[in-house]
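Work through the exercises below with the sequence and the model open side by side. Try each task before reading its solution.

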Amino acid sequence: MNIKTLEYVIEIVQCGSINQAAQNLYLSQPNLSNSIKTLENEIGFKIFKRKSSGIELTPEGAVFLKSAKRIYMEWEKIKKIPSLFQEYQDLSITSTYSALFMQIFIGFRNKYPKEDIQDTFKETGLIQTFLDIVEQRYRLSIFYCFDCRAEYHQKQADRYSLQMEPLFSHVPVEVLVSTSNPLSRRSSFDFNEIKKYPIVAYENFKYEDWLGVLEIDPEQKVTKIFDRGGLRDTILKSNTIAVIKKGSVDTGTNHLCTTLPINGPSPQLNIYMLKQKNYQLSPREKDFIRHFKKQLAAYYHS
């Protein structure tokens, strides 16, 4: 057995077809089929059932796939070990959705321009931003989570040998509504009444990380959105509301949507940086994190 064979199994499952997987892997179908047969003979059980409509995992194959994915991911991380000790000039950042985070990133680039360097900043959900660091697709993550979930995420970071560093704490949440929604005429919301209204929320968060903390019934119908623009558009075109981190959505100067504070005790967020534990920040990355913390303090203390 070798790593390549594990890659073949994963690709076949993703494609649902040996023929398509062979094309993607630039192999002939007979060679790919023979590789799988050799692997099955070596481990002593069938991974796939051949059917007229394609292939299907056997019960043993389904268990094998889980281990194969873990081994393959670890191998990919091993190949990237040298990158942990390089000194990079560019910024490679994955972030939970936030207009404020994006604005700080752009502000840093404008203040400290590097014409020959291509920086990368990606907005995504909390689940994906962790995966981006685990799989070393990006070097730094900036994410927020509720204070009551911080211990859980610290354990996840420890599990994957990641360093989770606090950048800012006690960030409030607020309610985002369209100005055409009658609710926008209110001055505030009580935390306990949020669950009474139709909710729109980001998809790439676990229930326990967002809706659960907001005490939204898991059976309640919630509109799930995958990006910041989609969330704002949904708010504008419906009577839904969203609970967001303060500064997450730019309400703009056209006053099409607005945010309302939440009265009384409500859960608050912390903001963290995440990276591989062995990775040493470059001088420019250190400058960015200092700038980022300074801008967070200026925004939330204003």
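The exercises go from the overall fold to helix packing, salt bridges and single residues.

This is a predicted model, in which local features need pLDDT of at least 70, side-chain atom pairs count only at pLDDT 80 or more, and totals for chains, interfaces and linings use all residues. Residues are numbered from 1 along each chain as its sequence is written, and side-chain values use heavy atoms, with hydrogens and water left out.

**Exercise 1. The whole protein**

Task: State how many helices and strands the protein has, and what share of its residues is buried.

Solution:
- Start with the elements. There are 9 helices and 13 strands. Helices (H or I, at least four residues) and strands (E, at least two) are DSSP runs, numbered from the N terminus.
- Next, the extent. The C-alpha trace spans about 70 × 50 × 35 Å along its principal axes.
- Then burial. Of the 302 residues, 46% are buried. Buried means under 20% relative accessible area, exposed over 50%, and partly exposed in between (1.4 Å probe, protein chains only).
- Last, contacts, meaning heavy atoms within 4.5 Å. Among contacts between residues at least 6 apart in sequence, 73% join residues at least 24 apart.

**Exercise 2. Two packed helices**

Task: Describe how α2 and α3 pack, and list the residues that make the contact.

Solution:
- Two packed helices are described by the angle between their axes and the distance between the axes.
- Helix α2 covers residues 18-25 and helix α3 residues 29-43; their angle is about 105° and their axes are 9 Å apart. Axes are lines fitted to C-alpha atoms, for helices over the stretch in contact, and angles run from 0 to 180 degrees between N-to-C directions.
- Classify the angle. α2 is roughly perpendicular to α3. Angles under 35 degrees count as roughly parallel, over 145 as roughly antiparallel, 65 to 115 as roughly perpendicular and the rest as oblique.
- List the residues. α2 brings Ile18, Asn19, Ala21, Ala22 and Leu25, and α3 brings Gln29, Leu32 and Ser33.
- Sort them by class. The contact has 5 nonpolar, 3 polar and no charged residues. Ala, Val, Leu, Ile, Met, Phe, Trp, Tyr, Cys and Pro count as nonpolar, Asp, Glu, Lys and Arg as charged, and the others, Gly among them, as polar.

**Exercise 3. Salt bridges**

Task: Find the salt-bridge partners of Arg228, Arg139 and Asp287, and say where each pair sits.

Solution:
- Fix the rule. A salt bridge is a side-chain nitrogen of Lys or Arg within 4 Å of a carboxyl oxygen of Asp or Glu. The count is 16.
- Arg228 pairs with Glu123, with the closest N and O atoms 2.5 Å apart. Arg228 is in helix α8 (residues 228-236) and Glu123 in strand β4 (residues 120-124), so this pair ties together parts 105 residues apart in sequence. Glu123 is partly exposed, at 21% relative accessibility.
- Arg139 pairs with Glu285, at 3.1 Å between the closest N and O atoms. Arg139 lies in the loop between α6 (126-134) and β5 (140-146) and Glu285 in helix α9 (residues 283-300), so parts 146 residues apart in sequence are tied together. Both Arg139 and Glu285 are buried.
- Asp287 pairs with Arg290, the closest N and O atoms being 2.4 Å apart. The two are 3 residues apart in helix α9, about one helical turn. Asp287 is partly exposed at 36% relative accessibility, and Arg290 is exposed at 52%.
- Lys122, Asp132, Glu135 and Arg137 are linked in a salt-bridge network.

**Exercise 4. The faces of α7**

Task: Which residues of helix α7 are buried, and which are exposed on the other side?

Solution:
- Ala150, His153 and Ala157 are buried in α7 (residues 150-159).
- Look down the axis. These buried residues fall within an arc of 65°, so they line one face of the helix. The arc is that of the directions from the helix axis to the C-beta atoms.
- Find their partners. The buried residues pack against α6, β5, β6 (162-171) and β13 (269-276).
- Turn to the other side. Glu151, Lys155 and Arg159 are exposed there.

**Exercise 5. A buried strand residue**

Task: Place Ile262 and name its contacts.

Solution:
- Ile262 is in strand β12 (residues 257-263). Its relative accessible area is 13%, so Ile262 is buried.
- Leaving aside neighbours within four places in sequence, Ile262 contacts Val173, Glu174, Val175, Phe189, Asp190, Phe191, Ile194 and Val243.
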